[in-house]
Amino acid sequence: MKIDVKECASILASKDNILILTHAHPDGDTLGCGFALCRALLKMGKMCSVINADEIPKKYDYLYEDIAPMKFRQEYVVAVDVATESLLGDLQGEYHIDMCIDHHATNSEYADVLLLEDVSAACQIVFEVIKELDVEIDEKMANCLYTGLTTDTGCFRYASTTASTYYAAAELIEMGADNGKINRIMFETKSKTYARLERLALDSMRFYEDERVCIITITQEMYRLTGSNEQETEAIPPLTRQIEGVEIGVTIREKPDGTCKASIRTYESVNAAELAKKFGGGGHSQAAACRFDCGVKEAREKIIEKCGELLK
């Protein structure tokens with residue numbers, strides 16, 4: 001059942017012992033949503049915690065480092081920025097999901113209630129929910145919400161950025177969000193291990209379909225050689241569509257078990273979510289993802305075939 005912001009806030013206000021789920025291979029939007037909402041609920045005197053199937057990259061420490069771990073038996077489970085249950089990774093099937101707050105048009109409506117809005121970042125929706133809860137938004141909460149806005153819009157560069165996105169960002173800056181520091185951490189700071197991984201990733205770049213498709217492959221061997229890991233790959237998918245003439249950019253990441261995940265980036269000529277959906281994934285019109293129960297080579301062949309069909 002779909003609900004609006006007011007109904008969402010009313011439900012959350014009536015619950016306690018709330019567990020918040022964020023999607024695997026976490027980014028700034030899912031984490032920003034999770035920890036902003038958690039902070040708001042803690043301010044209301046509720047028991048609340050945020051979990052993720054994967055290790056959270058160190059650069060996001062400022063979102064939660066002052067939140068003390070809590071142990072409680074969850075009574076209500078909320079997923080944030082999670083379009084399908086499969087995106088929960090190893091948490092899939094572990095919990096009955098009561099509520100989902102999301103901005104993906106491909107949301108599979110797996111939760112009992114769904115707050116879904118067509119905005120640039122899920123944090124924009126959580127921002128409205130927190131205001132409806134009548135919780136004062138402090139600097140740390142503003143930092144969480146601003147992180148989601150800036151990362152999901154590529155520092156406000158993507159076409160998904162709207163006037164309402166800028167208004168929300170401005171309001172959060174007025175509330176204390178440290179936009180300069182956050183943008184520097186998210187877009188201008190690279191670890192040495194990531195820099196080495198990026199070099200190998202660019203070396204793996206190959207072009208298909210008259211160079212309209214660009215594919216980068218990241219293997220477990222690359223992680224071993226560079227000392228990097230999957231948590232540092234967030235900045236690599238956007239590189240694929242920076243090449244002139246490329247309409248579909250795909251980054252294939254090999255998992256430890258030999259399967260893989262693909263991150264898809266496109267321009268207006270191709271719907272990334274439509275391509276991801278062919279493999280059981282989803283996302284936005286210009287940024288989507290999917291998983292493959294096969295190796296990198298087979299996944300690449302499947303993707304190239306479908307790209308060819310979409311580009312005809």
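In the next few minutes I will go through a sheet and the helix on it, then a pocket, and finally one threonine in this predicted model.

Let me begin with the sheet, which is an open one built from five strands that pair in the parallel sense, and whose order reads β2-β1-β3-β4-β5. The edge positions are taken by β2, residues 48-51, and β5, residues 113-116, and because each of these has a single partner strand, one side of each is left without a neighbour in the sheet. On average, and ignoring direction, neighbouring strands here are turned by 20 degrees against each other. If we look at the pairing of β1, residues 18-22, with β2, we find four bridges in the parallel sense, and within this part of the sheet Ile18 stands opposite Cys48 of β2. Helix α1, residues 5-14, packs on the sheet, where it touches β1, β3, β4 and β5, and its direction makes about 140 degrees with that of β4.

Turning now to the second largest pocket, its volume comes to about 260 Å³, and its lining consists of 15 residues, with Gly89, Asp90, Lys255, Asp257 and Arg291 lying nearest the centre. What is the make-up of that lining in nonpolar, polar and charged residues? It divides into five nonpolar, four polar and six charged residues.

My last stop is Thr251, which lies in strand β8, residues 248-254. Is Thr251 buried or exposed? With a relative accessible area of 1%, Thr251 is buried, since the cut-off for that term is under 20%. Leaving aside residues up to four places away in sequence, Thr251 touches Ile216, Ile218, Ile236, Pro237, Thr240, Lys261, Ala262 and Ser263.

Definitions and conventions: Residues are numbered from 1 along each chain as its sequence is written. This is a predicted model: local features need pLDDT of at least 70, side-chain atom pairs count only at pLDDT 80 or more; totals for chains, interfaces and linings use all residues. Side-chain values use heavy atoms; hydrogens and water are left out. Two strands pair if DSSP finds at least two bridges between them. Helices (H or I, at least four residues) and strands (E, at least two) are DSSP runs, numbered from the N terminus. Axes are lines fitted to C-alpha atoms, for helices over the stretch in contact, and angles run from 0 to 180 degrees between N-to-C directions. Contact means heavy atoms within 4.5 Å. On a 1 Å grid over the protein atoms alone, a cavity is a set of points where a 1.4 Å probe fits but cannot get out, and a pocket is an open set with protein on both sides within 12 Å along at least five of seven lines; lining residues have an atom within 4 Å of a point. Grid points are joined across faces, edges and corners, and a volume is the space filled by probe spheres set on the points. Ala, Val, Leu, Ile, Met, Phe, Trp, Tyr, Cys and Pro count as nonpolar, Asp, Glu, Lys and Arg as charged, and the others, Gly among them, as polar. Buried means under 20% relative accessible area, exposed over 50%, partly exposed in between (1.4 Å probe, protein chains only).
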